[in-house]
Amino acid sequence: MDPNGIEGLDAQFIGRVSPTAPRIQAGGHPCQGIYWTEAGKRPKVAIIATHYNVDFSEHYIAPYFARQGFGFLGWNTRYRGMEDQFLLEHAVLDIGVGMKWLKEEAGVEQIVILGNSGGGSLMGAYQAEAIAPTLTDRLSSAGQDALAQLVKGDLYISFNAHQGRPEVLTDWMDASVIDENDPTLTDPALDPFNPDNGPPYSEEFIARYRAAQRARNQRITDWAKAELKRLNDAGIPDRIFPMFRCWGDIRCVDPAIDPSDRKPNWCYRGDPAIANRSPSIGRANTIKTWLNMWSLETSPCQGQPHLAKHDTPALVVQGTADTGVFPSDARKIFDFLGSTDKQIELIKGAHYFEDSIEERQNAADLVGAWIREKL
């Protein structure tokens, strides 16, 4: 039997409105997902996974957990496929709709929050808001009421997760960009693909490069704040803008930095030098989304403040062949977690454990055993 398949499983489609988003006129619900279970079963323990913009309804790990007797809700917010419009406060409410469905309609008694990939910081933020809300002033009264009633998860799992949205974008930014309006212009002294700079990269270059990445993030933030004010003064609420060259993490090029079992000179889109010239993460944003999701200065999507509030058992799982999340990221997430009962496991496998069924099965078995031990 192919563990990726659905033989012997039920896959129920769920569509629901959100406290701050109604059903659209064409019929679509803002919150959608698929609930995976063993055929004919109603599990008492379920796992939920959501991402900022990637469709998680058919999540690769869902069948593996369903076959262990857990429910698995691959859940999407209104922002699936619409990263350029993302706002954390509404995404949190949309996740709350899925949590409420599990409790009130699926008959689930205990919920495990799975923060996978970019969804790690999103689900970490959800759990933190369920513990102690901080996004209240960003919402209308209806949203504030819903925020105050979020269902808290019983366990939290970080699964090949990035530290936070601003952190991962900044780590991946090409620091040599000179002009955000012209993707061809490069400072050769900072160009990670200039062989005069490496690899291997010197400690001096690494420090200078990382500082320049943070400076690039801040330059975009400074422009975004000024541009939003200019637009608002003219009665225009927002605008969209492009962003280029965001596959410039030198860890992808130089395997000696943050060493692991990953393939050298590789990123999620292949050769970093080629991927860096192609559309990538954060390729389009509204100004409000930049300030809400990507900015190191203003974004509430940074992982550390949310993870510090966690007080439930937590597990950090990291694949050692991941080409976009690295061992230091997993260790930082582990350190950020406020939970006293926490565990970290570095295991074989790439970002989505996509290289073999065995690695996917091992990851699911590890997590399933931990859940059964804790609940």
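Biologist: How do helix 5 and helix 9 cross?
Modeller: The axes of helix 5 and helix 9 come within 7 Å and cross at roughly 100 degrees. Bear in mind that this is a predicted model.

Biologist: Oblique or perpendicular, then?
Modeller: Helix 5 and helix 9 are roughly perpendicular to each other, because angles of 65 to 115 degrees count that way.

Biologist: Which residues make that contact?
Modeller: Helix 5 brings Arg-165, Pro-166 and Leu-169. Helix 9 brings Trp-290, Met-293 and Trp-294.

Biologist: What classes are they?
Modeller: In the contact of helix 5 with helix 9, 5 residues are nonpolar, none are polar and 1 is charged.

Biologist: Now helix 6. What span should helix 6 have, and what does the model show?
Modeller: Helix 6 covers residues 203-233, which is 31 residues. At 1.5 Å a residue, helix 6 should span 45 Å. The end C-alpha atoms of helix 6 are 45 Å apart, so the two agree.

Biologist: What follows helix 6?
Modeller: Gly-235 follows, with a positive phi near 80 degrees.

Biologist: How does helix 5 meet helix 6?
Modeller: Their axes come within 8 Å and cross at roughly 120 degrees. That makes helix 5 oblique to helix 6. The crossing of helix 5 and helix 6 is right-handed.

Biologist: Who touches whom there?
Modeller: From helix 5, Pro-166, Thr-170, Asp-171 and Trp-172. They meet Arg-210, Gln-213, Arg-214 and Asn-217 in helix 6. By class, the contact of helix 5 with helix 6 has 2 nonpolar, 3 polar and 3 charged residues.

Biologist: And helix 6 against helix 9: what angle and distance?
Modeller: The axes of helix 6 and helix 9 (residues 287-294) come within 9 Å. They cross at roughly 140 degrees. Helix 6 and helix 9 are therefore oblique to each other.

Biologist: Left-handed or right-handed?
Modeller: Helix 6 passes helix 9 in a left-handed crossing.

Biologist: Which side chains should I click on?
Modeller: On helix 6, the contact residues are Asn-217, Ile-220, Thr-221, Trp-223, Ala-224, Lys-225, Glu-227, Leu-228 and Leu-231. On helix 9, they are Ile-287, Lys-288, Trp-290, Leu-291 and Trp-294. The contact of helix 6 with helix 9 divides into 9 nonpolar, 2 polar and 3 charged residues.

Biologist: Change of topic: the sheet. How many strands, and in what order?
Modeller: It is an open sheet of 8 strands with mixed pairing. The order is 1-2-4-3-5-6-11-12.

Biologist: Which strands are at the edges?
Modeller: Strand 1 (9-16) and strand 12 (342-347) are the edge strands, and each pairs on one side only.

Biologist: How far are neighbouring strands turned against each other?
Modeller: By 20 degrees on average, with direction ignored.

Biologist: Take strand 5 and strand 6. How many bridges join them?
Modeller: 5 bridges join strand 5 (residues 110-116) to strand 6 (residues 155-159). The two strands run parallel. In one pairing, Gly-115 has Ser-158 of strand 6 as its bridge partner.

Biologist: Which strands does helix 2 lie across?
Modeller: Helix 2 (residues 88-104) lies across strand 1, strand 2, strand 3, strand 4 and strand 5. Helix 2 runs at about 155 degrees to strand 4.

Biologist: And helix 12?
Modeller: Helix 12 (residues 357-374) lies across strand 3, strand 5, strand 6, strand 11 and strand 12. Helix 12 runs at about 165 degrees to strand 6.

Biologist: On to the backbone. Where is Pro-199, and what bond joins Gly-198 and Pro-199?
Modeller: Pro-199 is in the loop between strand 8 (182-186) and helix 6. A cis peptide bond joins Gly-198 and Pro-199, with omega about 5 degrees.

Biologist: Cis or trans from Pro-199 to Pro-200?
Modeller: The bond from Pro-199 to Pro-200 is cis, with omega near -5 degrees. Pro-200 also lies in the loop between strand 8 and helix 6.

Biologist: Last one: what is phi of Asn-265, and where does Asn-265 lie?
Modeller: Phi of Asn-265 is near 50 degrees, a positive value in a residue other than glycine. Asn-265 lies in the loop between helix 7 (250-253) and helix 8 (272-275).

Terms used
Residues numbered from 1 in each chain as written. Predicted model: local features only at pLDDT ≥ 70, side-chain atom pairs only at ≥ 80, totals over all residues. Heavy atoms only, no water. Helix = DSSP H or I, 4+ residues; strand = E, 2+ residues; numbered from the N terminus. Expected span 1.5 Å × (residues − 1). Axes fitted to C-alpha atoms, helices over the stretch in contact; angles between N-to-C directions. Parallel < 35°, antiparallel > 145°, perpendicular 65-115°, else oblique. Left-handed = near helix turned anticlockwise from the far one by under 90°. Contact = heavy atoms within 4.5 Å. Nonpolar A, V, L, I, M, F, W, Y, C, P; charged D, E, K, R; others polar. Pairing = 2+ DSSP bridges.
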